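Hi everyone, thanks for making the time. I'd like to walk you through one structure today, strand by strand and ring by ring, so please have the viewer open.

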Amino acid sequence: MTTFKEQPVTIIGQPLQVGDNLPDFTLVNTALEKETLAHFDGKKKVISIVPSVDTGICDTQTRKFNEALSELDNMVVLTVSCDLPFAQKRWCRAAGIYNAILLSDYYDHNFGKAYGVLMEEWHLLARAVIVADEQNRITYVEYLDNVNTHPDYDAALTAVEALV
């Protein structure tokens, strides 16, 4: 059972597993442009899924993965939330992080459904971390039962190191 704010929530979609291929997506970036999975072809990926970058844990999660991984060759960190692209852009400016890739699932929630993270009651994404290789094969996945807790940063970073 997944909880958010100490209350059970209904998750729409099925969780992905190690060995699965990443489902395609169409999300909106902070410049209001559509991005698909194909845009990141040939790169190793960390998909950091958060309810809202404007909250403490989400802010920390976004910063940690971007600071730890943004300098690695052939690696991309994608932070996905249902925040409006305007809010994501504002967060980047306020945080002083200009090379982060923040993508929004606000429009139709297809990412949340395909990745098994859409909280039906809130229309927000539940917290998760997914690591995938250059062929979009998932090598690590963590879905948090309590959305209001931090992911296992060390385990995710170890999974990235195994790809390098």
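Let's begin with strand β11, which is covered on both faces: A128, I130 and A132 are buried on one side, and V129 and V131 are buried on the other. Put as a count, 5 of the 5 residues in β11 are buried. Before I go further, please keep in mind that this is a predicted model.

What does β11 pair with? One partner is β6, in the antiparallel sense, over 5 bridges. If you want a spot to zoom in on, I49 stands opposite A128 in β11. Another partner is strand β12, residues 138–143, again antiparallel and over 5 bridges. There, I130 stands opposite V141 in β12. The hairpin of β11 and β12 has 5 residues between the strands, and in it N136 takes a positive phi near 70°.

Now to the nonpolar core. Which residues touch the most other members of the largest nonpolar core? They are F25, I47, F111 and Y115, in a core of 27 residues. The elements giving two or more residues to this core are β6 (44–49), β7 (75–81), β9 (118–119) and our friend β11 (128–132). Apart from this core lies another one, of 13 residues, including V46, M75, Y140 and A159. As background, nonpolar side chains tend to be buried together in soluble globular proteins.

Let me stay with F111 for a moment. Setting aside its neighbours within four places in sequence, F111 is in contact with F25, L27, I47, I49, V80, D105, V117 and L125.

That brings me to the rings. How many aromatic pairs does the structure hold? The count is 6. One of them is F4 with W122, an edge-to-face pair with 5.4 Å centre to centre and 70° between the planes. This pair links distant parts of the chain, since F4 is in strand β1 and W122 is in the loop between β9 and β10 (124–125), 118 residues apart. Are these two rings buried or exposed? F4 counts as buried because its relative accessibility is 9%, while W122, at 43%, counts as partly exposed.

Another edge-to-face pair is F25 with F111, at 5.8 Å centre to centre and 75° between the planes. Here too the pair links distant parts of the chain: F25 sits in the loop between β3 (11–12) and β4, F111 sits in helix α3 (residues 110–114), and their positions lie 86 residues apart in sequence. F25 is buried, with a relative accessible area of 5%, and F111 is buried at 2%. Together with Y115, F25 and F111 form one aromatic cluster.

One more ring for the charge enthusiasts: the charged end of K64 sits over the ring of Y153, 5.1 Å from its centre.

Next, helix α2, residues 85–95. Its buried residues are P85, A87, Q88, W91, C92 and A95. Why do they count as being on the same side of α2? Because they cover an arc of only 160° around the axis. The general background is that an α-helix has 3.6 residues a turn, so residues three or four places apart point the same way. Turn α2 around, and the face away from the buried side carries the exposed residues F86 and A94. What covers the buried residues of α2 includes β4, α1 (56–69), β7 and β8 (101–104). After α2 comes G96, whose phi is positive, near 70°.

I'll finish with the backbone. Most residues other than glycine have a negative phi. E6, which is not a glycine, has a positive phi of about 65°. E6 is found in the loop between β1 (2–4) and β2 (7–9), and it counts as exposed because its relative accessibility is 75%. L32 also has a positive phi, near 65°. L32 lies in the loop between β4 (26–29) and β5 (34–36), and it is partly exposed, with a relative accessible area of 48%.

Thanks for listening, and do keep the viewer open for the discussion.

Notes:
Residues numbered from 1 in each chain as written. Predicted model: local features only at pLDDT ≥ 70, side-chain atom pairs only at ≥ 80, totals over all residues. Heavy atoms only, no water. Helix = DSSP H or I, 4+ residues; strand = E, 2+ residues; numbered from the N terminus. Buried < 20%, exposed > 50% of the residue type's maximum accessible area, 1.4 Å probe, protein only. Core = buried A, V, L, I, M, F, W, Y, C linked by side-chain atoms within 4.5 Å. Contact = heavy atoms within 4.5 Å. Phe/Tyr/Trp six-rings, centres within 6.5 Å; stacked < 30°, edge-to-face > 60°. Lys NZ or Arg CZ within 6 Å of the ring centre and 35° of its normal. Arc of directions from axis to C-beta. Pairing = 2+ DSSP bridges.
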